[in-house]
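Me: I have a protein model open on my screen and I'd like to learn how to read it. Could you walk me through a few features, one by one?

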Amino acid sequence: MSNAPLYLEPRLSPRLTSLLDAAPFLHGLVDGLGSPLNLVLPQQFAENVARFGSVLRRHRLGGRVCFAHKASRSSALVRHLATTGAALDSASLGELRHALGSGFTGDRIVVTGPKDPETLWLAARSGAVVNADGVAELEEAARITGAFGLPRLRVILRLSEFETSGTRVLSRRSRFGTAVKSLSDLLDVLERHQDALEPIGVGYHLDTTSLDEKATALEGCLRAMEELQIRGFAPRVVDVGGGFGVNYLTHAEQWDRYTTELTHAVMGRRPPLTWGGHGYGLRAENGTLRGSLGLYPAHRPVAGAAYLDELLSRPAPGLGRPFGTLLLESMYDLYAEPGRALADQCGLTLGRVREVRAGGAGEHLVRLALNAGDVGLEDHGVLMDPVLVPRDEPPGRVGGPVGVYLMGNLCLEADLITRRMVFLPRLPRPGDLLAFANTAGYCMDFTATRAQQQPVARKVAVRQEGAGEGGGAWSWCLDEEYWPVTATGGRRT
Ligand SMILES: *Cc1c(COP(=O)(O)O)cnc(C)c1O
């Protein structure tokens, strides 16, 4: 069966499915606004917020869902978010200004990441919470707050390098946060600056899919909360960061089969599946498979809000009882900072097919009016098929499944949208669109450039009228023109 197509079909919400079915709408947009084109779906975003909120409710916890802004640059998404109960996690001065200008008041903003004095001033001025990285940042924040006579700045202490039973370091090193073993240094600073800084809690953010690592970190935070109390503070927030993940694929079997066939291809036991024999981290050495697969686990049975639910339902490794119970009994609020997971199913990147050519070994080369920077799936190690949106439905079904390589619009050998051969149900034709689903989180904004003066994708917000099965008509506006209130004073829902 080595020649059977190896599909990696994207997981699509009913809303995204309906959007992809609206081919004339999508073609009209790209005809008018050019290729590449990014679409964002504020309605879906609000639904995702609600899903995280219901996990907090199920565990009877107070707290906040803070969207990690860095996952998307969209104004429509952030402005729409302001109408929900969610908060926002900003990681730069630009993001902080964007949030304030999008309707967020300071009390609904958490400021994380590397911080300049300007960022600290604006955070303190607007009453945001600062997720503090370390001693130096606390000192600087206290100085700025004092110099401008601002109210006490609320801070969360970002911790890292959590340990289990004092021996084995389980959580990986991070360039952010303060090692738990140096917590007392932070508390010394806080004691000295009680008039300027109010520690409201502690937190972590770990860029890992491992629930074990997160459980270790969360337990470390619960112990740190006790340390704060012993020193006379009254903390009430535990921040579990982001990294809840997204399930990108519909079928677990497709993912398993693909990765198995990829190892066979690397070992030379089947025709290549990648451009130039790229192994995504795997290689063959004297007949032995070496290396490890450097890919996002594109099929994830537990991701997003369900992942948070699972973490809260787990017993704390040392304390024995479920985290949700422990947090509830201590009357702590839970902050979560999902980025990718909140943007799940909230975006689509469209690229026009320009040219289709026969390649060397029976496969085809498909050149798109878009490049690898416009759709950063490969950059994030996410392998997922684009959806073919034909310009005109051909009379009858022409051809069958084909393996193609997707080439970008840069004059650069390396500009492949993905180094893997992509199987499509039929050969695309010039004028067709390929739709890359689920790109709102990191994949549409993070790596887009003006290389070679190729256009950066425009972004539009799309909404569907009516709710029912299949839904109603789609409408759109430019991302920067989207406000939660319409020109006639109505509320966009
Ligand atoms: C990036 C980031 C997040 C979001 O991570 P996701 O994996 O997108 O959920 C949350 N918190 C902090 C501090 C971050 O840097």
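Reply: Happily: we'll go through the ligand, a salt bridge and two details of the backbone. Keep in mind that this is a predicted model.

Me: Let's start with the ligand. Where does the ligand sit?

Reply: Look for open spaces in the protein first, then see what fills them. Here, the ligand sits in the largest pocket.

Me: Which residues are around the ligand?

Reply: A residue counts if one of its heavy atoms lies within 4 Å of the ligand. That gives A68, K70, R158, H205, G242, G243, E337, P338, G339, R340 and Y442. By type, this shell divides into three nonpolar, four polar and four charged residues.

Me: Which atoms of the ligand do the side chains of K70, H205 and E337 approach?

Reply: For polar contacts, we look for pairs of N or O atoms within 3.5 Å. The side chain of K70 has an N or O atom 2.7 Å from an oxygen atom of the ligand. With H205, the partner is a nitrogen atom of the ligand, at 3.4 Å. E337 also reaches a ligand nitrogen, with a polar side-chain atom 2.6 Å away.

Me: How much of the ligand does the protein bury?

Reply: Compare the ligand alone with the ligand in place. Alone, the ligand exposes 390 Å², and the protein buries 89% of that.

Me: How many salt bridges are there in the whole structure?

Reply: The search finds 24. One of them joins the side chains of D31 and R391, with 2.8 Å from N to O. D31 belongs to helix α2, while R391 is in the loop between β15 and β16, so this pair ties together parts 360 residues apart in sequence.

Me: And the backbone: what should I look for?

Reply: Most residues other than glycine have a negative phi, and most peptide bonds are trans. Now look at the peptide bond from S35 to P36, which is cis, with omega near 0 degrees. P36 is in the loop between α2 and β1. Then find Y280, in the loop between α10 and β10. Y280 is not a glycine, yet its phi is positive, about 50 degrees.

Terms used: Residues numbered from 1 in each chain as written. Predicted model: local features only at pLDDT ≥ 70, side-chain atom pairs only at ≥ 80, totals over all residues. Heavy atoms only, no water. Polar contact = N/O pair within 3.5 Å; in protein donor to acceptor, adjacent residues only side chain to side chain. Areas by Shrake-Rupley, 256 points an atom, 1.4 Å probe, with all protein chains shown as cover. 1 Å grid on protein atoms, 1.4 Å probe; cavity = no way out; pocket = protein on both sides within 12 Å on 5 of 7 lines; lining within 4 Å. Sits in = over half its atoms within 2 Å of the grid points. Nonpolar A, V, L, I, M, F, W, Y, C, P; charged D, E, K, R; others polar. Salt bridge = Lys/Arg side-chain N within 4 Å of Asp/Glu carboxyl O. Helix = DSSP H or I, 4+ residues; strand = E, 2+ residues; numbered from the N terminus.
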